[in-house]
Amino acid sequence: MARKPNSSAQARTLFSVMLRQPRTWQYGYELSKQTSLRSGTLYPLLIRLSDQGLLESQWQEPEWPGKPPRHAYKLTASGLTFARTVASATAFPTLRRKIAGATP
Amino acid sequence: MNVRTRLLSRVAFALMAHAKKTMPPCRSLWADAMERELYHTEGGLEALSWAAGCVIATYFERGGHEMNQSFATIVQKPSAFVPLAMSLTALALLGGAYIFGLATGQGGLVREPDEGSIAHLWQLLMAGQLPVLAFFVIKWLPRAPKQTLCVIALQAGAVLAAMAPVYFLNL
C-alpha cells in the first residue's frame, strides 16, 4: 500500500527542482546533484512518489555510446498540481515573514 | 583512471550488487535504475557515496516491503508452516495409532507404562517445533505484528489439537 503524499523538506526540495523544468525528463543522479539529496534519500522518495502516481518514469537511451540506458523521471499532471500546492504553501509563510520583517 | 579511483569504483559496484540483491523483487526495476546512474557518477568517491546511499535505500525498501506482507505471504514462510505441520503430524500420528488400535481389537489408544515409539515421536514433534516457533516470533513479530499474531494463533490451535487426545484419552 502506498503511503500518503507528504510535504517533507526533502519532498519539497525535489518538487521545487522538478518544477523548474516540469516537461523535461530528469535522471536520478542529476536530481541528486540539484537537490543535494543523497541517493539513499532520493530513491525512496522517487519510489514513493511513483507509487502515488505523482511521478512517471521511463527508460531512456544513453546520450553517449557504451553507457547503459537510464531511468528518467517527470512529474505527472497530478504530481504537478500537488507540487505547485506544496510550493505555494511553502512560499506564503516566507512571504508573510518578509512582509512582517519589512514593517517598521 | 588511477588505481585509487579504480579501487573505489570497484567497491562501489560491489556495494551496488549487494543493493540489487537486497531490493525486493517487485522493486528490481528501481535497483536497476540506481545501478545505471552509477555509470554516470563523477569520480570514484562520488560513485562510492552513490552506491552506499543505494544500499541504504534498498534496505528501507526491503523493510517497508516486509512490513506490508499479507497474512498469506507470512504463513507461507517455512518458520510459520513447519510448526503447524509438526503439530498436525503429531495429531495424525495419534489418530493413526487410534484407528490401528481399533482395527486390531486393542480398543483404540491405551496408556502404556513404558512409553512406546509413538509417544516418543509425538514428544519429538512437539518439542522440536519450539525453536522454529521462537525463530518465527523473533523474526516476524517486529516486522508484521498483526499477521504474525494470526499465524501464532493458528499454531496455538494446532498445538492444542495435538494435545487434546493426550488429555482426553489420559495417555
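The paragraphs below go through the contact between chains A and B, then a sheet in chain A, and lastly a proline in chain B, all as they appear in a predicted model.

Where the two chains meet, 15 residues of chain A are in contact with 17 residues of chain B. On the side of chain A that touches chain B, the elements that give two or more residues are α2 (28–35), α3 (39–51) and β3 (70–75) of chain A, and of these α3(A) gives the most, with five residues. In terms of residue character, the side of chain A that touches chain B divides into eight nonpolar, four polar and three charged residues.

The strand β3(A), which is among the elements named for that contact, also belongs to an open sheet of three strands in chain A, whose order is β1-β3-β2 and whose pairing is antiparallel. Because β1 (26–27) and β2 (55–60) of chain A each have a single partner strand, they stand at the edges, and one side of each is left without a neighbour in the sheet. Between β2(A) and β3(A), which run antiparallel, there are six bridges, and for A:E56 the bridge partner in β3(A) is A:K74.

Turning to chain B, the residue B:P25 lies in the loop between α1 (3–22) and α2 (28–38) of chain B. B:P25 counts as exposed because it has 7 C-beta neighbours inside 10 Å, where the cut-off for an exposed residue is 12 or fewer. In sequence, B:P25 and B:R62 are 37 residues apart, while in space the separation from C-alpha to C-alpha is 9.5 Å.

Technical notes: Residues are numbered from 1 along each chain as its sequence is written. Chains are lettered from A and ligands numbered from 1 in the order in which they are written. This is a predicted model: local features need pLDDT of at least 70, side-chain atom pairs count only at pLDDT 80 or more; totals for chains, interfaces and linings use all residues. Two residues are in contact if their C-beta atoms, placed from the backbone, lie within 7 Å. Helices (H or I, at least four residues) and strands (E, at least two) are DSSP runs, numbered from the N terminus. Ala, Val, Leu, Ile, Met, Phe, Trp, Tyr, Cys and Pro count as nonpolar, Asp, Glu, Lys and Arg as charged, and the others, Gly among them, as polar. Two strands pair if DSSP finds at least two bridges between them. A residue is buried if 20 or more other C-beta atoms lie within 10 Å of its own, exposed if 12 or fewer, and partly exposed in between; C-beta atoms are placed from the backbone.
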